[in-house]
Amino acid sequence: RGRICFVEGFSWSLTLGFVAAAVAFASGGPVLLGPALVLATLGLPLVVVSHSTARYRKALEDVLPAALQQVANERAAGRSLESALEAAAETAPSPANIELGALHRKIAAMGTEKAIEDTAQKLQVKSFSLAASVLTVGAKRGGDLADALKRLSTTLVEIQRMNRKIA
């Protein structure tokens, strides 16, 4: 989704840049103004996409502990990991609900380990990378995944609290 928006934004700003350059050239304006406008509009989509991505990642970092707690509760109730992710995706705060739902669908399509790894790579969110490690180990070796997720959730909340104190 982000790549599509970037490509659309890129083509629009490129078109706008060339139009601005043509207008500047046709009106007898400074010759360097045209290329400068083209370069400026080429960078605009990068800035917008980068800012949007950073805001999305921050929002995910903020709500991920609660979402992991929901997955842990579902696991403690006896659900499989896939079923726990599906249930948590229905009630987790946004944007965690989106990512948990996507992870659930990926697991069905490509298997647990590959789906978790793929999602962690795509998101590039530190707290999700930790969660991915816990989920992968839990899927491979078993054990009390619910307890591990609850502990991770508590740890992430503490990290957030410490970061707020520092900032």
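Which residues does alanine 67 touch, not counting residues up to four places away in sequence? The legends below take up this question in one of the close-up views, after an overview of the chain, which is shown as a predicted model.

**Figure 1. Overview of the predicted model, a protein of seven helices and zero strands.** Read from the N terminus on, the elements of the protein follow the order α-α-α-α-α-α-α. The protein has 167 residues, of which 32% count as buried. Among the contacts in the protein with a separation of 6 or more, 54% are accounted for by residues 24 or more positions apart.

**Figure 2. Close-up of alanine 67 in helix α2, which spans residues 33-76.** Not counting residues up to four places away in sequence, alanine 67 touches Ala88, Ala92, Ala96 and Leu100, and this answers the opening question. Alanine 67 counts as buried because its relative accessibility is 0%, a value under the 20% cut-off for burial. Leucine 85 is 18 residues from alanine 67 along the chain, and the C-alpha atoms of these two residues are separated by 9.2 Å.

**Figure 3. Close-up of the packing of helix α3 (residues 81-91) against helix α4 (residues 96-110).** Two packed helices are described by the angle between their axes and the distance between the axes. For α3 and α4 the angle is about 150° and the axes are 8 Å apart, which means that α3 is roughly antiparallel to α4. The contact is made on the α3 side by Glu82, Leu85, Glu86, Ala88 and Ala89, and on the α4 side by Asn97, Leu100, Gly101, Leu103, His104 and Ile107. Sorted by character, the residues of the contact of α3 with α4 comprise six nonpolar, three polar and two charged. The crossing of these two helices, α3 and α4, is left-handed.

**Figure 4. Close-up of histidine 104, a residue of helix α4.** Leaving aside its neighbours within four places in sequence, histidine 104 is in contact with Glu82, Leu85 and Glu86, and these three residues are listed among those that α3 brings to its contact with α4. Histidine 104 has a relative accessibility of 19% and therefore counts as buried, since the cut-off is under 20%.

**Figure 5. Close-up of the cis peptide bond that joins serine 94 and proline 95.** The omega angle of this bond is about 5°, and proline 95 has its place in the loop between α3 and α4. Most residues other than glycine have a negative phi, and most peptide bonds are trans.

**Figure 6. Close-up of glutamine 124, found in the loop between α5 (112-123) and α6.** The phi of glutamine 124 is near 50°, which is a positive value in a residue other than glycine. Glutamine 124 counts as exposed because its relative accessibility is 54%, a value over the 50% cut-off.

**Figure 7. Close-up of the packing of α5 against α6.** The angle between α5 and α6 is about 175°, and their axes are 9 Å apart, so α5 is roughly antiparallel to α6. In this contact Thr112, Glu113, Ile116, Thr119, Ala120 and Leu123 in α5 meet Phe128, Ala132, Leu135, Thr136, Ala139 and Lys140 in α6. The residues of the contact of α5 with α6 are made up of seven nonpolar, three polar and two charged.

**Figure 8. Close-up of the packing of helix α6 (residues 126-141) against helix α7 (residues 145-166).** These two helices, α6 and α7, pack at an angle of about 165°, and their axes are 10 Å apart, so α6 is roughly antiparallel to α7. The crossing of α6 and α7 is right-handed. From α6 the residues Ser127, Leu130, Ala131, Val134, Leu135 and Gly138 meet Leu145, Ala148, Leu149, Leu152 and Leu156 from α7. By character, the residues of the contact of α6 with α7 comprise nine nonpolar, two polar and no charged. Leu135 of α6 is listed in this contact, and Leu135 is also listed in the contact of α6 with α5.

**Figure 9. Close-up of serine 127, which lies in helix α6.** The side chain of serine 127 is joined to that of glutamate 61 by a polar contact of 2.8 Å. Leaving aside its neighbours within four places in sequence, serine 127 is in contact with Glu61, Leu64 and Leu156. Serine 127 is buried, with a relative accessible area of 4%.

Technical notes
Residues numbered from 1 in each chain as written. Predicted model: local features only at pLDDT ≥ 70, side-chain atom pairs only at ≥ 80, totals over all residues. Heavy atoms only, no water. Axes fitted to C-alpha atoms, helices over the stretch in contact; angles between N-to-C directions. Helix = DSSP H or I, 4+ residues; strand = E, 2+ residues; numbered from the N terminus. Parallel < 35°, antiparallel > 145°, perpendicular 65-115°, else oblique. Left-handed = near helix turned anticlockwise from the far one by under 90°. Contact = heavy atoms within 4.5 Å. Nonpolar A, V, L, I, M, F, W, Y, C, P; charged D, E, K, R; others polar. Buried < 20%, exposed > 50% of the residue type's maximum accessible area, 1.4 Å probe, protein only. Polar contact = N/O pair within 3.5 Å; in protein donor to acceptor, adjacent residues only side chain to side chain.
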